[in-house]
Structures are given as C-alpha cells and as structure tokens.
Amino acid sequence: MPEEALIVVDMQRDFMPGGALPVPDGDKIIPRVNEYIKKFKEKGALIVATRDWHPENHISFKERGGPWPKHCVQNTPGAEFVVDLPEDAVIISKATDPDKEAYSGFEGTNLAEILKEKGVKKVYICGVATEYCVRATALDAVKHGFEVYLLKDAIKGITLEGEEKALREMKEKGVKILESL
Ligand code: VGL
Ligand code: ZN
C-alpha cells in the first residue's frame, strides 16, 4: 500500500502560455513536474492527476456570467495533459457539472475515497494555478486528514500577489511548504 501520493493539479494545455486561460510561465514547471512524477513513481507512490474537465456550457465561462474565458472543455486539445503520466495514474476529472464550479480535486469527485482505500497518508501537491486549484486541493486534503506537502518549485500562480497570499494561507492551515524535494 503506498503511504504517499503525488497529486499533479491541472497540468493542461489551456493553462499554459498560448492556451485559453494561460498561467504566466506555467510551462516553465513542466520539466520539474515530470521529474517529480518519475521520482514518486520509482518509489512506489500513487500518481494522481486532476484535470479541469468542463462541459461546453460551464457556469465559470464568461458567456454564462462567470469569471473565465472558455477553457478545458472535455475532449478538446485544450484539456489535454502536458506532462508525462504513467499508465496507472489515477485521473480525476473535476468541474464536470455545468452548473457548479469546483476548484478542488476533492470536490464532487471520489479522490478522498481512492486515497484512503489505497492507504495513502501523505500527499504531495504540484501544478497550477497556485491560488485556485492548487490552493483548494491542498486545503481540502488537510480537511480530509492527510499530511499535505506543497512542492514549491513545481507550482505556478496567475499573479505573484495571489500566489504569495495563497502560500501564507496554506501554511497557516497546516500545509507544509517544501522548497524542493
Ligand atoms: C483553474 C481557473 C479556472 C485552475 C481552473 O486549475 O486553477 N483556474 N479553472
Ligand atoms: Zn476551470
């Protein structure tokens, strides 16, 4: 049973430069995330990848009054992963309900059950965007009783201020920030 899981958050084409909702320099962390995937896989950890997986008419899109341009629509190139995942990675699709936003990989999914069933105690989190889906996923992981580590050299925020604020909040709420691993 793997004690540990790596959760790779939303490393998808639309969140990279040139995509529909780009995180500035989001592509710069791709090599680092790939290294972590390899390293965690080698030590027998569970690899989880969350993906934003919106229906065409999702409530978070501007045309429905939401804050975001259309992004990560199910089965489109923009929703594809940009990192190398092993075949046995657990893929968690989130925000699939047209009328509900869900930033956290735990919200409206069976991620907590899967992790508990597999005996996971510690989760390590990387990916984008720090102040949205990474933040929400890390805080929910704490609420579910996991020991939570953030891999700081493998995350990227939309703004620097947003990222700093999110890091402070995560730290306050029990997330351990690792500069590198
Ligand atoms: C995200 C904005 C909208 C994220 C997803 O993955 O952080 N941000 N949808
Ligand atoms: Zn989204």
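The sheet comes first. In this predicted model, 6 strands form an open sheet, and their order is β3-β2-β1-β4-β5-β6. The pairing is parallel. At the edges stand β3, residues 90-94, and β6, residues 176-178. Each of these has a single partner strand, so one side of each is left without a neighbour in the sheet. From one strand to the next, the twist averages 25 degrees. As a reminder, strands of a sheet pair through backbone hydrogen bonds, either parallel or antiparallel.

One pair of strands may serve as an example. β4 and β5 pair in the parallel sense over 6 bridges. Which residue of β5 is the bridge partner of Tyr124? That partner is Tyr149.

I turn now to helix α3, which spans residues 130-143. Of its 14 residues, 10 are buried, so the helix is largely enclosed by the rest of the structure. The buried residues are Thr130, Glu131, Tyr132, Cys133, Val134, Arg135, Thr137, Ala138, Leu139 and Ala141. What covers them? The cover includes the strands β1 (4-9), β2 (46-52), β4 (122-128) and β5 (147-156), together with helix α4 (160-172). After α3 comes Gly145, whose phi is positive, near 90 degrees.

Let us take a single residue of this helix, Val134. Is Val134 buried or exposed? The cut-off for a buried residue is 20 or more other C-beta atoms within 10 Å. Val134 has 32 within that distance and is therefore buried. Leaving aside residues up to four places away in sequence, Val134 touches Val9, Ile125, Gly127, Val128, Ala129 and Ile155. By contrast, Gly44 lies 90 residues from Val134 along the chain, and the C-alpha atoms of the two are separated by 23 Å.

Next, the ligand. Which residues surround ligand 1? They are Asp10, Asp52, Ser60, Trp68, Val128, Ala129, Tyr132 and Cys133. By character, this shell divides into 5 nonpolar residues, 1 polar residue and 2 charged residues. Tyr132 and Cys133, both in the shell, also appear among the buried residues of α3. Val128 and Ala129 belong to the shell as well, and both are touched by Val134.

Finally, the annotation. An unreviewed UniProt entry carries the domain annotation "Isochorismatase-like", covering residues 5-178. Over those residues, the chain is 27% helix and 21% strand. The end C-alpha atoms of that stretch are 15 Å apart.

Terms used: Residues numbered from 1 in each chain as written. Chains lettered and ligands numbered in written order. Predicted model: local features only at pLDDT ≥ 70, side-chain atom pairs only at ≥ 80, totals over all residues. Near = placed C-beta within 6 Å. Nonpolar A, V, L, I, M, F, W, Y, C, P; charged D, E, K, R; others polar. UniProt positions renumbered as here; feature names shortened; annotations may be inferred. Helix = DSSP H or I, 4+ residues; strand = E, 2+ residues; numbered from the N terminus. Buried ≥ 20, exposed ≤ 12 C-beta atoms within 10 Å, placed from the backbone. Contact = placed C-beta atoms within 7 Å. Pairing = 2+ DSSP bridges. Axes fitted to C-alpha atoms, helices over the stretch in contact; angles between N-to-C directions.
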